[in-house]
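Student: Could you walk me through this model, one feature at a time? I would like to learn how to read each of them.

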Amino acid sequence: MGLFPLLLAMFLAAGCGKKEEAKAATQVAAKVNSAEITVHQVNYILARNPNVKPEAAVEAKREILDRLIDQQLAKQEAIESKLDRSPDTLQAIEAARSEILARAFLEKIAATLPRPTEGEVKKYYVEHPELFAKRRVFSLEEILVAPQEGLAAGLREQVAKARSMRDITAWLKSRDAKFAVNSGVRAAEQISLELLPKLQEMKDGAIQLFEAGDGRVDVIRIVASKPTPVDEATALPRIQQFLFNQRSREAVAREMKRLKDKAQIAYVGEFAGGAAAAEAKAKAEAEAKAKALAETKVKEKAEAQARAEELSRASKAAGAKARIEAEIKARDNPSKPVQLPQETIEKGVRGLK
């Protein structure tokens, strides 16, 4: 090879190298001591915040970069202090790694699912007028009643004849029931899909009792409501996303069941016997604790009653003893006429004149 071709090759190689270095440099957003923060890191975080508007993207990127710089500085100091070797840190890193991998697997499942069709979305719109065509915003008063044996039947009767929520709370207080009062404004989509159709049938001012599956009882009064319908064009994208999320949850649940069915899972130590055994053990412990507490209360009540009876007997005995002693003293020392001073007698006589 001649000198000129060799020099040309060297020049081209040097030029390419500078071009590649310049290209690589553009991917660096900031340098923190010996570490680099890349544009990809900034964009990754920005992409996970879909609510950022395009006109605010530049400012958002700057804020993200500043947070990453702070994070990198703290990370470097942690490594300098050998905190990356501590058991707690290693455990936290492993937990984060497990969570990230598990989430990636679940996202992979969701990515394979088809989006709901237009027909499915429109069908949902028609079948749920309480959420869309007949949507209402409710002003509600609510009484949340804790589970108590034998309370629901009586409470139902009170709700049927009550004129106000104050009447119901007064009745609950007379029964020593535990309850909480709440009020506020809620749109239809903020109410559970199980409860919403029942509220939709109620008129303003109506009071109704609802029993939850866990023994809780909710008493709800509609103070007022306002029709706020949502048209089909506005609702369809939301419905599609909702149905897709619902489909994703069901797919994930099926896949996790499949994985559990084929896996060998053994509960060890205090968790031996699985979730059912742990639940039964917790229930037995709770029942034993409740029984012991009840027995303690009965014992304390009996002891208090015994003390009260003992004090009563002692008081009666002391009173009887005092009366006897007074009678004996009166018998041994009969009362004598009181001898008044002569001066007092003379003053009395002069006063009668």
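Tutor: Happy to. Let's begin with L131, which sits in the loop between α5 and β3 (136–145). Keep in mind that this is a predicted model.

Student: Is L131 buried or exposed?

Tutor: The cut-off for buried is under 20% relative accessible area. L131 has a relative accessible area of 10%, so L131 is buried.

Student: Which residues is L131 in contact with, leaving aside its neighbours within four places in sequence?

Tutor: On that basis, L131 is in contact with Y124, A188, E189, L193, L196 and V230. You can also look at a pair of C-alpha atoms: L131 and Q190 are 59 residues apart in sequence, and 9.9 Å apart in space.

Student: What about R135 in that loop between α5 and β3?

Tutor: R135 has a relative accessible area of 14%, so R135 is buried. Leaving aside neighbours within four places in sequence, its contacts include P129 and E130. A187, A188 and E189 also touch R135, as do K226, P227, T228, P229 and V230.

Student: Which residues line the largest pocket?

Tutor: L131 and R135 are both in that lining. The other residues there are Y124, F132, E189, L193, V230, R238, I239 and F242. The pocket has a volume of about 230 Å³.

Student: How do the residues of that lining divide into nonpolar, polar and charged?

Tutor: There are 7 nonpolar residues and 3 charged ones, with no polar residues. By element, the largest share of the lining comes from α9, with 3 residues.

Student: Let's turn to helices, then. How is a pair of packed helices described?

Tutor: Two numbers do the job: the angle between the two axes and the distance between those axes. Here, helix α5 (residues 118–127) packs against α9 at an angle of about 105 degrees, and their axes are 9 Å apart. Angles from 65 to 115 degrees count as roughly perpendicular, so α5 is roughly perpendicular to α9.

Student: Which residues make the contact between α5 and α9?

Tutor: From α5 they are E120, V121, K122, Y124 and Y125. From α9 they are E232, A235, L236, I239, Q240, F242, L243 and R247. Sorted by kind, the residues of this contact are 8 nonpolar, 1 polar and 4 charged. Y124, I239 and F242 belong to this contact and also line the largest pocket.

Student: Where does E255 lie, and is E255 buried or exposed?

Tutor: E255 lies in helix α9, which covers residues 232–262. Its relative accessible area is 19%, and the cut-off for buried is under 20%, so E255 counts as buried. Not counting residues up to four places away in sequence, E255 touches F105 and I109.

Student: And where is the place of D231?

Tutor: D231 is in the loop between β6 (217–227) and α9. With 43% relative accessibility, D231 counts as partly exposed. Along the chain D231 and Y125 are 106 residues apart, while their C-alpha atoms are separated by 9.4 Å.

Student: Now for backbone angles. What sign of phi do most residues other than glycine have?

Tutor: Most of them have a negative phi. N33 has a positive value, with phi near 55 degrees. N33 lies in the loop between β1 (28–32) and β2 (35–38), and it is exposed, with a relative accessible area of 65%.

Student: What is phi for D176?

Tutor: Phi of D176 is near 55 degrees, a positive value in a residue other than glycine. D176 is found in the loop between α7 (165–174) and β4 (179–187). Its relative accessible area is 66%, so D176 is exposed.

Student: To finish, how many helices and strands are there in the protein?

Tutor: The protein has 11 helices and 6 strands. Of its 353 residues, 20% are buried. Among contacts between residues at least 6 apart in sequence, 67% join residues at least 24 apart.

Terms used
Residues numbered from 1 in each chain as written. Predicted model: local features only at pLDDT ≥ 70, side-chain atom pairs only at ≥ 80, totals over all residues. Heavy atoms only, no water. Helix = DSSP H or I, 4+ residues; strand = E, 2+ residues; numbered from the N terminus. Buried < 20%, exposed > 50% of the residue type's maximum accessible area, 1.4 Å probe, protein only. Contact = heavy atoms within 4.5 Å. 1 Å grid on protein atoms, 1.4 Å probe; cavity = no way out; pocket = protein on both sides within 12 Å on 5 of 7 lines; lining within 4 Å. Points joined across faces, edges and corners; volume = space filled by probe spheres on them. Nonpolar A, V, L, I, M, F, W, Y, C, P; charged D, E, K, R; others polar. Axes fitted to C-alpha atoms, helices over the stretch in contact; angles between N-to-C directions. Parallel < 35°, antiparallel > 145°, perpendicular 65-115°, else oblique.
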